[in-house]
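Hello,

Here is the structure I promised to pass on. Please look it over first; my notes follow below.

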Amino acid sequence: MKTSMFLKRVVLRNYKSIAHCDVKLSPLTYLVGANGAGKSNFLDALHLVRDALSGSLENAMNERGGFSEVRRRSSGHPTHFSIQLEFSLPSGDEGKYAFTVGALQSGGYEVQKEECSIGGMGKGPYFSLEKGRLVKSSEETFPAVTADRLALVGASGSPVFRPVYDVLTAMGFYNLNPKLIREVQKPQDGRLLKPAGENIASVIGHLSRSNPEAMSVITDYLHAVVPMVHGIERVPVGPMESLKFQQEMAGAKNPWHFYAQNMSDGTLRTLGVLTALFQGSDDYAPSLIGIEEPETALHPGASAALREALNRAAERTQVIVTSHSPDLLDDMDISPDALLVVASEQGATRIVPLGQGARNAMRDHLCSAGELLRMDQLQPDPLPPSSGTQQTELFDEIK
């Protein structure tokens, strides 16, 4: 079984509410913090990378309200935002991809810097650009670049950079919407689930045909959360499609069948989360799955089953979840290294590892993460006086 670790480190600067963060990720990472602290903004930064590469940088930012809504708002008026990702490829090679997008005086924006390296700058395949100009590359030929697009899109035509493009565009991010799952849907590509679950009927149909083992896992976990449900299938509804559930009814000899429109929000959202976690196949699967608050609309008693599903999925695909649920985190086996604390301080989001006191309590099995959260003790270490001036170098020195 291949390791699920893909993203090892994420560095952000001036992205929405995040002034600066530099964090290491685990196969399963919990972003824990209060509503409005900025958990979603961390996932959205990764989502923007996926969208900008699979579509275009312009569309990715327009979907978020434009450049002015993506860069952080503050009294300092930052004119740029930066994203750096350090990763491990399926081949085992490690690399880094980073870019900075800045404002133009005439309006609009440009990619001020972009860098990709595998094995280290100058040690393996790499390229470095500034404002639409190629500065240095390991390759004798390089596609034409412009300052308003990410060069990795064009560079993906090269076999050496294609694996980087593939893993970054294979990330999936989910905030499941029961309303969209409940509605009849147009038949769509069912290989990967869309962000709100708007093609879930196609995904369930695809899994039933191509990966019945994964479909069985989804059904088993759904049954653990909603014991009356014994099966799900994709069904045609004229030119559209929907989901049909098998459900036990008191006094009935055989299970009854209900369409998605008759199921509860909790059941549909749970199905969406489970489908996101176990979708795909060995040949075509997400490299990373980010899920917003998977415990929403879930009975607290079902948290153990959801937590087990998250752990199982993380053996195959890296998983990041946002949460503020003590029930989901109420497990002594959760490692302190799997938790990142998200807090808002004076309007700026801070994302850091768990403070040392809480880490010690968890490692000594004195408290679970859930118990610490109930006591409001999942806190970061105090901010050191010099931290405001510390900067992480996103770009290697070009030699």
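Helices and strands here are DSSP runs, with at least four residues for a helix and at least two for a strand. Keep in mind that this is a predicted model.

On that basis, residues 258–330 are 36% helix and 18% strand. The end C-alpha atoms of this span lie 33 Å apart. An unreviewed UniProt entry annotates residues 258–330 as "domain: ATPase AAA-type core".

The record has another domain annotation. It gives residues 5–52 as "domain: Endonuclease GajA/Old nuclease/RecF-like AAA", also in an unreviewed entry. That stretch is 29% helix and 44% strand. Its end C-alpha atoms are 22 Å apart.

Next, a helix pair. H8 covers residues 212–225 and H9 covers residues 265–278. Their axes come within 10 Å and cross at roughly 145°. The crossing is right-handed. H8 contributes Ala214, Val217, Ile218, Tyr221, Leu222 and Val225 to the contact. H9 contributes Thr267, Thr270, Leu271, Leu274, Thr275 and Phe278. By type, nine of these contact residues are nonpolar, three are polar and none is charged.

Now the cores. The largest nonpolar core has 58 residues. Which of them touch the most other members? They are Tyr30, Leu243, Phe245, Leu277 and Leu339. Take Leu243: beyond its neighbours within four places in sequence, its contacts include Ile181, Ile200, Ile232, Arg234, Phe258 and Leu271. Another core, of 55 residues, lies apart from the largest one. Among its members are Tyr15, Met61, Tyr109 and Cys116.

Best regards

Technical notes
Residues are numbered from 1 along each chain as its sequence is written. This is a predicted model: local features need pLDDT of at least 70, side-chain atom pairs count only at pLDDT 80 or more; totals for chains, interfaces and linings use all residues. Side-chain values use heavy atoms; hydrogens and water are left out. UniProt positions are given in the numbering used here, feature names are shortened, and annotations may be inferred rather than shown by experiment. Axes are lines fitted to C-alpha atoms, for helices over the stretch in contact, and angles run from 0 to 180 degrees between N-to-C directions. A crossing is left-handed if the near helix is turned anticlockwise from the far one by less than a right angle, and right-handed if clockwise. Contact means heavy atoms within 4.5 Å. Ala, Val, Leu, Ile, Met, Phe, Trp, Tyr, Cys and Pro count as nonpolar, Asp, Glu, Lys and Arg as charged, and the others, Gly among them, as polar. A nonpolar core is a set of buried Ala, Val, Leu, Ile, Met, Phe, Trp, Tyr and Cys residues joined through side-chain atoms within 4.5 Å. Buried means under 20% relative accessible area, exposed over 50%, partly exposed in between (1.4 Å probe, protein chains only).
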